[in-house]
Amino acid sequence: METKTINKIKKYSYIFLISLLLSCMNSDNHNDNLFFYNIKVKTIYGEDFDLSTLKGKKLLVVNVASKCGFTTQYRQLEELYKEYKNQNFEVLAFPSSDFANQEYSDSQKITSFCQKNYGVTFLIFEKVSVKGKSKHPIYQWLTEKNKNGKKNVSVLWNFQKFTVDENGKWVDYFLPITSPKSKKIVKWINS
């Protein structure tokens, strides 16, 4: 009788361990947001920037260009940033020349242009590609469902906007014609 009891305990222990193992394998223990915070980016000055320092903040990620018809959106981005930066909000600008080569090639010219013309104080990162084979990993995450877990999106032009929540999860995107201070973006920041 003692051997039967021991065998039952072993059997149920194995079943429990297998169930536990299967549960762990099927659970959502791999959060896509970890991938966002692990993406390697550099500031406009070429310094490594740890995206995990932005945990707990809502992010508006924008591909920018200095010589574009939408360049005046820098002013609205700066106004939005100044208004909400104390409410755990950040603007992340990624210069790009992917559309009609409308960005300076020199980082110093980019920063000088942004500060002189628009007084930009939000984060500006290194110039990147936002489409094609050389697409930067942050734009791979923003535009590919298999990386962001939500949606495939094409970047159509300069000043396309993406929202990322406080946990590093992809929320939505807005076309270049959408004002940074649109009702939808402001409502999201305040939600």
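Me: How are helices and strands assigned here, and in which loop does K135 lie?

Reply: Helices (H or I, at least four residues) and strands (E, at least two) are DSSP runs, numbered from the N terminus. On that basis, K135 lies in the loop between strand 5 (123-124) and helix 5 (137-143). The model is predicted: local features need pLDDT of at least 70, side-chain atom pairs count only at pLDDT 80 or more, and totals for chains, interfaces and linings use all residues. Residues are numbered from 1 along each chain as its sequence is written, and side-chain values use heavy atoms, with hydrogens and water left out.

Me: What does the secondary structure of the protein chain come to?

Reply: The protein chain has seven helices and seven strands. Read from the N terminus, their order is α-α-β-β-β-α-β-α-β-α-α-β-β-α.

Me: Is K135 buried or exposed?

Reply: Buried means under 20% relative accessible area, exposed over 50%, and partly exposed in between (1.4 Å probe, protein chains only). K135 has a relative accessible area of 16%, so this lysine counts as buried. In the protein chain, 42% of the 191 residues are buried.

Me: Which residues does K135 touch?

Reply: A contact means heavy atoms within 4.5 Å. Leaving aside residues up to four places away in sequence, K135 touches S129, V130, Q140, T143 and E144. For the protein chain, 67% of the contacts with a separation of 6 or more are between residues 24 or more positions apart.

Me: How should a positive phi be read?

Reply: Most residues other than glycine have a negative phi. Here N88 has a positive phi, near 55°. N88 is placed in the loop between helix 3 (73-84) and strand 4 (89-95), and its relative accessibility of 43% makes it partly exposed. A100, also not a glycine, has a positive phi of about 60°. A100 belongs to the loop between strand 4 and helix 4 (107-118), and is exposed at a relative accessible area of 56%.

Me: Which residues make the nonpolar surface patch?

Reply: Patches are made of residues with over 30% relative accessible area and no salt bridge (a side-chain nitrogen of Lys or Arg within 4 Å of a carboxyl oxygen of Asp or Glu). Like charges are joined within 9 Å, and nonpolar side chains (Val, Leu, Ile, Met, Phe, Trp, Tyr) within 5 Å. In this model, L156, W157, L175 and I177 form a nonpolar patch of about 390 Å². L156 sits in the loop between helix 6 (145-148) and strand 6 (161-164).

Me: How much area does the protein chain expose?

Reply: Accessible areas come from the Shrake-Rupley method with a 1.4 Å probe; for residues, only the protein chains shown count as cover. The protein chain exposes about 11,000 Å², of which carbon and sulfur atoms supply 52%.
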